[in-house]
Amino acid sequence: MKRILAILLAAILLLTLATACAEELVDGKFAETRKITVEIFDRSNDGGTDPTNNKFTDYIKAGMLEKHNVEVEFVRVPRWTEVDDMNNLLAAGDAPDVCVTYSYPTIQTYANMGGVLDMNPYLTEYKDQLPNLYALLGDYNIFYNQDPETGTVWAIEALLAERARIGTFVRKDWVEKLGLALPTTIEEFEAMLVAFRDNAELLLGEDASRMVPFSTSYDIGWRNDHMLTSFVPDAATDEELYINGFDDRHLLYPGYKEGVRVLNKWYNMDLIWKDFALYGSGDTTEDNNMKAGFVGAFTHNWDYPYRNGEDSIHANLKRNVGEDAAFVAIECFKNDAGAYRKFLADSIDRKVFLPATNDEPLASMLYLDFISSPEVVKYLQIGDQDINHTVTENGAIATKAAVAPDIQNSGMNIDYTITINGLELFDEELTNKSKALNYAGVEPEYIDIALTTSKNEGRVVAHYNVGAIASEEGVGTSLTEKRDTFLCQAVVASEADFDAIYDAGMEDYLVSGGQDIIDERAEKVSALAK
C-alpha cells in the first residue's frame, strides 16, 4: 500500500509541476484566480476575535489577492489538541492546503504513506519566486529536514527569532515581605518555598488555605525544565544529547531522574500544588490561581507572566493584590560545573508542510513567501500605530493592549506569522530596543530580567541531519502520554515508592518505542562519522 501511495504521490507531483509551468506567473501573479486553504490555530480566547475572520485575516486575504491573485480561506484547528486534530485531518484527507504543527513525527508518518507533498521541487524550481521566504529562513531552516539520501523535504522549519525558552519566576513582593533575598541556589529556592508555606497567613490572610508555594502542571518536563536539566552533567556531549534528545522535554538526558526526585521531595513537603495533575492542556485553573495571588513561584515559558496585555498574570496580580505584587525571573539551578546551564532552542520552530491533497502547491508556496515579507511580518506583529502600538521618542515600538476588532489572538500574531516566531522588525537595533516594550502594561525591567536570565549560560545541542528515523513514526503521541503520566505519578508518590514508580514508567516508555528510537539514532549518527 505504501508503495502504491508513493507512486501516486509522484504522479501527482509531476502533474502539478507541469500544470504550474503551463500557466506562467506574470509579475508573480496568476492569470486566473487560485484558491487555497490555510490552517490557523484557535486558542478560544475570551474577548478575542474569530481566528478565521478578523482584521488581520482581511489584511492577508487582500494582500494575497492583489499580489498573486490567490484567494485565501482560513481553517481553524484547536491549538491545544493540534496534533490529534492534524492526525485526524490528514487521515481523512481534509487537511488545509497549508498546514503547521509542532510535531514533525506526525508529518513523517503521513509522508511515508504518501500523504504529504515533497516541497523540494517547489523550493528549487521556484526559488526566484520565493525571495522573502529564503531571506527570512535561509537554507538552514528551509532544508533542515531534507533527507540526505533522497533529497525530500517534507516540511520547512519556521524561524525561531528568540531562542529563550523557559524562566523561573517568584513573587518578588513576598520575598521582600519575608525579608529574604532572591534565591541563587536550589537550596535557597527550597528554603524560600518553605518560608512561603510556613507564612501563609502573613502572606494571604484569610486565604491562607489557598497557598501554593510552587505551582506546576501535568507537563512536568516543560514546567520544570531548568531545575530538571541542572542535573545533566555539563560534560555530556552533543552526540549523546542528540541521541537521547528526541523527547523535547529532555526526559532521556543523563541525570534527569534526580531532578524529578527533587520534585517528589517538594511534593511530599507540601511545597507543590496538590492538584497539579488534575488539569489538562488549556485549562485555566492554574493561571487563575496565579492571577488571584495564591502562587509563590513557578517555571514556565520565559515571558509567561507578562503575556496577554490586560489579561496577563502581571496585570491581574496588580489589580487583585496591589501595585507591588509581581513575579520576577530568577536563576538558581546550577549544574555540576557551577553553571546556570539552559538548553536553548535551535533556530527552528513550527513545521510548515503541504498535504498531498493540496492541488495548488505553487499558490501555497507564494503564500509562505508573502507572509515572510518584511512588510507583512511587521504589520502582523505590531499592527496599527496608536491602536496596537505606539512609537517612543527613541523610535522603539511599544505595544498597546487592543480590543476587538483590533486584538491579536496570539502574542505578536504568531498564529499568522507561521514562518517566524519572535519579534522581528528587520532592523537589529530597533528590534532589540523594542523587545522589552512588546508587553503592554509591563515595566520593561521585568522583560529585560526574564530575557537575560532565560538565555544566560545557554547551550544549543548540535543538529545531526541523519534523515528519517523510522522508529519515531506513529509513536510520538503515545510516548508523550506515557511520559506525562509516569512523571506525574512519580512526583506524587511517597518518597519510599519513588524509585519503583519512576523506573517502571521509564521501562514502559522504552519498551513502547523509546529504546528503538535511541538505537536507531545512535546507529545513524555513528554512520555519519564513517
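**Cavities**

I started with the closed holes inside this predicted model, and I got two cavities of 30 Å³ or more. The largest cavity has a volume of about 80 Å³. I listed its lining and got 13 residues, with H226, I330, E331, C332 and K342 lying nearest the centre. Sorted by class, that lining splits into five nonpolar, five polar and three charged residues.

Which element gives the most to the lining of the largest cavity? I checked, and β5 does, with three residues. Both β5 (166–171) and α19 (444–455) supply at least two residues each.

Next I looked at the second largest cavity, which has a volume of about 40 Å³. I noted its lining as T229, V232, P233, D234, N335, R341, F343 and R459. By class I wrote down three nonpolar, two polar and three charged residues.

**A pocket**

I then turned to an open space, the second largest pocket, which holds about 270 Å³. I found 15 residues lining this pocket, and S209, R210, M211, V212 and W273 are the closest to its centre. The lining has seven nonpolar, three polar and five charged residues.

**E457**

I looked up E457 and found it in the loop between α19 and β13 (458–459). Is E457 buried, partly exposed or exposed? Its relative accessibility is 32%, so I put it down as partly exposed; the band for that runs between 20% and 50%.

I also asked which residues E457 touches, leaving out those up to four places away in sequence. I got A339, Y340, R341 and K342. Y340 sits 117 residues from E457 along the chain, yet their C-alpha atoms are separated by 5.9 Å. Two of these contacts had already turned up in my cavity notes: K342 is among the residues nearest the centre of the largest cavity, and R341 helps line the second largest cavity.

**Nonpolar cores**

I remembered the general rule that in soluble globular proteins, nonpolar side chains tend to be buried together. Here I found that the largest nonpolar core has 80 residues. Inside this core, F189, W266 and Y502 have the most contacts.

I picked Y502 for a closer look. Not counting residues up to four places away in sequence, Y502 touches L251, Y256, K257, V260, F486, L487 and A490. Apart from the core of Y502 lies another one, of 46 residues, including L136, I156, Y367 and I420.

**Strands**

I went to β1 (residues 34–42) and checked how covered the strand is. Eight of its nine residues are buried, so I wrote "mostly covered". β1 runs parallel to β2 (residues 70–78), and nine bridges join the two. As one example, I40 stands opposite R76 in β2.

Then I traced an open sheet of four strands, in the order β3-β9-β4-β12, with mixed pairing. Why do β3 (99–101) and β12 (420–421) count as edges? Each has a single partner strand, so one side of each is left without a neighbour in the sheet.

I followed β12 to its partner β4 (residues 156–160) and found them parallel, paired over two bridges. At one of these, L159 is the bridge partner of I420 in β12. I had met I420 before, since I listed it in the core of 46 residues.

Methods
Residues are numbered from 1 along each chain as its sequence is written. This is a predicted model: local features need pLDDT of at least 70, side-chain atom pairs count only at pLDDT 80 or more; totals for chains, interfaces and linings use all residues. Side-chain values use heavy atoms; hydrogens and water are left out. On a 1 Å grid over the protein atoms alone, a cavity is a set of points where a 1.4 Å probe fits but cannot get out, and a pocket is an open set with protein on both sides within 12 Å along at least five of seven lines; lining residues have an atom within 4 Å of a point. Grid points are joined across faces, edges and corners, and a volume is the space filled by probe spheres set on the points. Ala, Val, Leu, Ile, Met, Phe, Trp, Tyr, Cys and Pro count as nonpolar, Asp, Glu, Lys and Arg as charged, and the others, Gly among them, as polar. A nonpolar core is a set of buried Ala, Val, Leu, Ile, Met, Phe, Trp, Tyr and Cys residues joined through side-chain atoms within 4.5 Å. Buried means under 20% relative accessible area, exposed over 50%, partly exposed in between (1.4 Å probe, protein chains only). Contact means heavy atoms within 4.5 Å. Two strands pair if DSSP finds at least two bridges between them.
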